[in-house]
Amino acid sequence: YDLYIITARKDKQSLIHQLSEIGIMDYVTDICVVNPMKNPAMDKMEYILRKKIDIFVGDTEVDYEAAKNAMIDFYAVTHGFRSADFWSKYNVKYFVDAKI
């Protein structure tokens with residue numbers, strides 16, 4: 001399987017440092033950093049389509065919108081920014097309740 005990191009943030013180098021610190025850089029196929037201030041859902045969706053990604057695991061409604069618009073399955077993370085109750089209003093059917 002391929003692991004793509006798709007995130008909205010300003011500092012890609014900081015992300016690479018974080019991923020290296022937790023020891024997963026060897027498992028990452030590619031990293032896409034989109035500008036959080038310039039339509040991140042659309043940018044994430046375009047990346048998903050370009051790379052032919054089939055599943056998106058995310059923790060924000062921007063992630064959900066990107067997956068929905070790309071017409072792929074979305075797994076909502078319920079530990080962190082959003083809860084299962086929050087995701088229920090979006091009719092999200094898949095949940096990942098993991099603590100990292």
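**View 1. Thr7 of strand 1 and its surroundings.** Welcome to this predicted model; our tour opens at Thr7, a residue of strand 1, which covers residues 4–8. Thr7 has a relative accessible area of 14%, and because buried means under 20%, Thr7 counts as buried. Its side chain makes a polar contact of 3.2 Å with the side chain of Arg9. Look further along the chain, leaving aside neighbours within four places in sequence, and you will find Thr7 in contact with Leu15, Cys32, Val33, Val34 and Lys44.

**View 2. The largest pocket and its lining.** This view takes in a space of about 1200 Å³. Its lining is made up of 34 residues, and those nearest the pocket centre are Tyr4, Ile5, Ile6, Val57 and Gly58. Which element gives the largest share of the lining? That is strand 1, with five residues. At least two lining residues each come from strand 1, helix 1 (12–21), helix 2 (40–51) and strand 3 (55–58). Sorted by class, the lining holds 19 nonpolar, nine charged and six polar residues.

**View 3. The two ends of helix 1.** At the start of helix 1, have a look at Asp11: one of its side-chain oxygens comes to within 3.2 Å of the backbone nitrogen of Gln13. Just after the helix sits Gly23, whose phi is positive, at about 80°.

**View 4. Strand 3 beside strand 4.** In a regular strand, side chains alternate between the two faces of the sheet. Here, Phe56 and Gly58 form the covered face of strand 3, while Ile55 and Val57 form the uncovered one. Strand 3 runs parallel to strand 4 (residues 73–77), and four bridges join the two. For Val57, the bridge partner in strand 4 is Tyr75.

**View 5. Asp63 in helix 3.** Is Asp63, a residue of helix 3, buried or exposed? With a relative accessible area of 5%, Asp63 is buried. The Asp63 side chain reaches the backbone nitrogen of Asp59 at a distance of 3.1 Å. Once neighbours within four places in sequence are set aside, the contacts of Asp63 are Lys44, Phe56, Gly58 and Phe74. Readers coming from the earlier views will recognise some names: Lys44 is also in contact with Thr7, and Phe56 and Gly58 belong to the covered face of strand 3.

**View 6. Asn39 and Met71, two loop residues with positive phi.** Asn39 is found in the loop between strand 2 (30–34) and helix 2. Although Asn39 is not a glycine, its phi is positive, at about 50°. Its relative accessibility of 46% makes Asn39 partly exposed. Met71 has its place in the loop between helix 3 (61–70) and strand 4. Met71, too, is a residue other than glycine with a positive phi, here near 60°. At 74% relative accessibility, Met71 counts as exposed, because exposed means over 50%.

**View 7. Lys93, with Gly23 as a distant reference point.** Our last stop is Lys93, in the loop between helix 4 (84–88) and strand 5 (94–96). Lys93 counts as exposed, at 61% relative accessibility. How far apart are Lys93 and Gly23 in space? From C-alpha to C-alpha they are 30 Å apart, with a separation of 70 residues in sequence. Gly23 is the residue met just after helix 1 in View 3.

Technical notes:
Residues are numbered from 1 along each chain as its sequence is written. Side-chain values use heavy atoms; hydrogens and water are left out. Buried means under 20% relative accessible area, exposed over 50%, partly exposed in between (1.4 Å probe, protein chains only). A polar contact is a pair of N or O atoms within 3.5 Å; within protein, one must be able to donate a hydrogen and the other to accept it, and residues adjacent in sequence count only if both atoms are side-chain atoms. Contact means heavy atoms within 4.5 Å. On a 1 Å grid over the protein atoms alone, a cavity is a set of points where a 1.4 Å probe fits but cannot get out, and a pocket is an open set with protein on both sides within 12 Å along at least five of seven lines; lining residues have an atom within 4 Å of a point. Grid points are joined across faces, edges and corners, and a volume is the space filled by probe spheres set on the points. Ala, Val, Leu, Ile, Met, Phe, Trp, Tyr, Cys and Pro count as nonpolar, Asp, Glu, Lys and Arg as charged, and the others, Gly among them, as polar. Two strands pair if DSSP finds at least two bridges between them.
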